[in-house]
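Reader: Before we discuss particular residues, I should like each term to be tied to its criterion. Could you proceed in that manner?

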Protein chains: 2
Amino acid sequence: MLPGCLLLTGLLRSASTASSAPRMPKNMGSWDKFTSSSCYSHSNNASSKARLTAKEQLDPLALIKDEVSEVTDRLRSMVVAEVPELTSAAGYFFSAGAEGKRTCPTVLLLMASAISMKISDGLENRSRARHMRVAEITEMIHISSLIHDDVLDDADTRRGMDSLNFTVGKKLAVLAGDFLLFRAFSAAVSLDNTEVVSLLATAVNNLVTGELMQMSITPAQRCSMDYYLQKTYYKTAALISNSCKAIAVITGQTAEIQALAYQHNSFTRQSLLV
Amino acid sequence: MLPGCLLLTGLLRSASTASSAPRMPKNMGSWDKFTSSSCYSHSNNASSKARLTAKEQLDPLALIKDEVSEVTDRLRSMVVAEVPELTSAAGYFFSAGAEGKRTCPTVLLLMASAISMKISDGLENRSRARHMRVAEITEMIHISSLIHDDVLDDADTRRGMDSLNFTVGKKLAVLAGDFLLFRAFSAAVSLDNTEVVSLLATAVNNLVTGELMQMSITPAQRCSMDYYLQKTYYKTAALISNSCKAIAVITGQTAEIQALAYQHNSFTRQSLLV
């Protein structure tokens, strides 16, 4: 079993022992069986291994470090608009020092490493390129929602710096969020997979619904753990959950593994929040 | 030649005589040849003809009146969200008396009538249903942009009534616009045609770019007719142009007819504005 799989399986096991497990499937053995038999790391080839030190081989994040940087670089080139002001605003959170923890691409590329099959190099590279596209799209949807959230909340700061609305004004911030959503959907369409585009569209709907649930909360709902969990799932987990499933769909995994990929993140995030 | 074709061909001819014709193709004869030989009206069957009076048969709008009403009804049922406040806000401009002129579905369904081939009833019905989906998607993108524009402009009124942001506040209005965009993309994905989804995504990008061009205009640009035409094209014509092309793509038309469908509206709207 490779480090990427170890990390994901470990997270999954931690999640399975948590007390509130409404979405966790009963037959957890299938995941263990799957990861121990067929999981695959993108760096599981001679040249990649030679580049990694012994310590790095035990560090799952080291396996995808270069690819996460590549995703970040590509994102900067993807958000170029016809009007310079829009390029500058849409690229605000992709500039050096403003990228944040890059959780979305990190989790998604680790998931891709964990569930990818051992296939011929050509096919594997093509599949990996599509995994990276999903990581880029997810990050754009995430940043779009952060920008619109900050407009809605009149937030002054984000990621330890001035928020975009504080820097360029609310109007341009709303348009920058719309533009990022357009770029994300355009990139999703280029994947030429209706199910994947549909999963990403559902994630956008969940983000909007979660924000609305937070905005319109009643005193009774404020005391409901179910409401809190649902709202939190929509606002923080649904995007990566749907994207994890998209990774499994692109990899050609079975419906069972697709469901596990979806549930893994949703459950991990919620167990960390409770 | 049927009334739907007559209207579109007439508009096209008017457009071709306008002085500023940067996007109009040189071989206009191909459109005439096409419409006179193969254009088709949805109402060109015995039962529909029986329902139409002689006067109505000369009125192109009468040909698609029932379908435009059907699109309006379907839109009301399509914008139902999980949170009631969001349903109410997103459906604000689809409620009775607030639908406006319904220009998008009207133009698109007339275009569909003009360029559809005579094919067997089953295929024709399926194709027509997809044309109506494009009309619905286009109307949702249009309303989403109106809602966000009103937020950006602090507008109090729209369509002779209170604007959505004035009625429910800016926050909910921004989310309602995002939700409509999500619903539009979800519906577009269900058409299972990558080119059509890509055309609609381009239209959203054009709307955002046009709004930005208006917002960030310099004194020199304010005196430029080219800048004005480009901004106006993005803000008012690009959506229906791309959707008209999507109609032609769905109908299985040639690249030439797809280009004419795209240029027809773009040119007509601009010639009306100049």
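Author: A residue counts as buried when its relative accessible area is under 20%, as exposed when it is over 50%, and as partly exposed in between. The model is predicted. By that criterion, 56% of the 274 residues of chain A count as buried. The secondary structure of chain A comprises 14 helices and 2 strands.

Reader: Why is Ser243(B) called buried?

Author: The cut-off for buried is under 20%. Ser243(B) has 0% relative accessibility and is therefore classed as buried. Ser243(B) belongs to helix α13 of chain B, residues 225–251.

Reader: What makes the pairing of Ser243(B) with Thr138(B) a polar contact?

Author: A polar contact requires N or O atoms within 3.5 Å, one able to donate a hydrogen and the other to accept it. The side chains of Ser243(B) and Thr138(B) are joined at 2.7 Å, and the pair is counted as a polar contact. Beyond its neighbours within four places in sequence, Ser243(B) is also in contact with Leu108(B), Val134(B) and Leu200(B).

Reader: Why is Leu207(B) classed as it is, buried or exposed?

Author: Leu207(B) has a relative accessible area of 13%, so it is buried; the limit is under 20%. Leu207(B) lies in helix α11 of chain B, residues 194–215. Leaving aside neighbours within four places in sequence, its contacts are Ile141(B), Ser145(B), Tyr234(B), Lys235(B) and Leu239(B).

Reader: What makes Arg102(B) partly exposed?

Author: The class partly exposed lies between 20% and 50%. Arg102(B) has 26% relative accessibility and therefore belongs to it. Arg102(B) sits in the loop between α6 (84–90) and α7 (103–115) of chain B. Its phi is near 55 degrees, a positive value in a residue other than glycine.

Reader: Why is a positive phi worth pointing out?

Author: Most residues other than glycine have a negative phi. Arg159(B) also has a positive phi, of about 55 degrees, although it is not a glycine. Arg159(B) is found in the loop between β1 (157–158) and β2 (161–162) of chain B. With 29% relative accessibility, Arg159(B) counts as partly exposed.

Reader: How do you know how many residues of chain A and of chain B are in contact with each other?

Author: Contact means heavy atoms within 4.5 Å. On that basis, 34 residues of chain A are in contact with 34 residues of chain B. The two chains bury about 3200 Å² between them, with 76% of that area on carbon and sulfur atoms. The elements giving two or more residues to the side of chain A that touches chain B are α6 (84–90), α8 (121–153), α10 (170–190) and α11 (194–215) of chain A. The largest share, 13 residues, comes from α11(A). By class, this side of chain A has 19 nonpolar, 8 polar and 7 charged residues.

Reader: What does the rule find across the interface of chain A and chain B by way of salt bridges?

Author: A salt bridge needs a side-chain nitrogen of Lys or Arg within 4 Å of a carboxyl oxygen of Asp or Glu. The rule finds 0 salt bridges across the interface of chain A and chain B. Between the chains, 8 residue pairs are in polar contact, both residues at pLDDT 80 or more.

Reader: Which residues touch the most other members of the largest nonpolar core?

Author: That core has 156 residues, and those touching the most other members are Leu86(A), Met140(A), Ile141(A), Leu86(B), Met140(B) and Ile141(B). Leu86(B) is in contact with residues including Val208(A), Leu212(A) and Phe179(B).

Methods:
Residues are numbered from 1 along each chain as its sequence is written. Chains are lettered from A and ligands numbered from 1 in the order in which they are written. This is a predicted model: local features need pLDDT of at least 70, side-chain atom pairs count only at pLDDT 80 or more; totals for chains, interfaces and linings use all residues. Side-chain values use heavy atoms; hydrogens and water are left out. Buried area is the accessible area (1.4 Å probe) that two parts lose on being put together, summed over both. Helices (H or I, at least four residues) and strands (E, at least two) are DSSP runs, numbered from the N terminus. Ala, Val, Leu, Ile, Met, Phe, Trp, Tyr, Cys and Pro count as nonpolar, Asp, Glu, Lys and Arg as charged, and the others, Gly among them, as polar. A nonpolar core is a set of buried Ala, Val, Leu, Ile, Met, Phe, Trp, Tyr and Cys residues joined through side-chain atoms within 4.5 Å. Buried means under 20% relative accessible area, exposed over 50%, partly exposed in between (1.4 Å probe, protein chains only).
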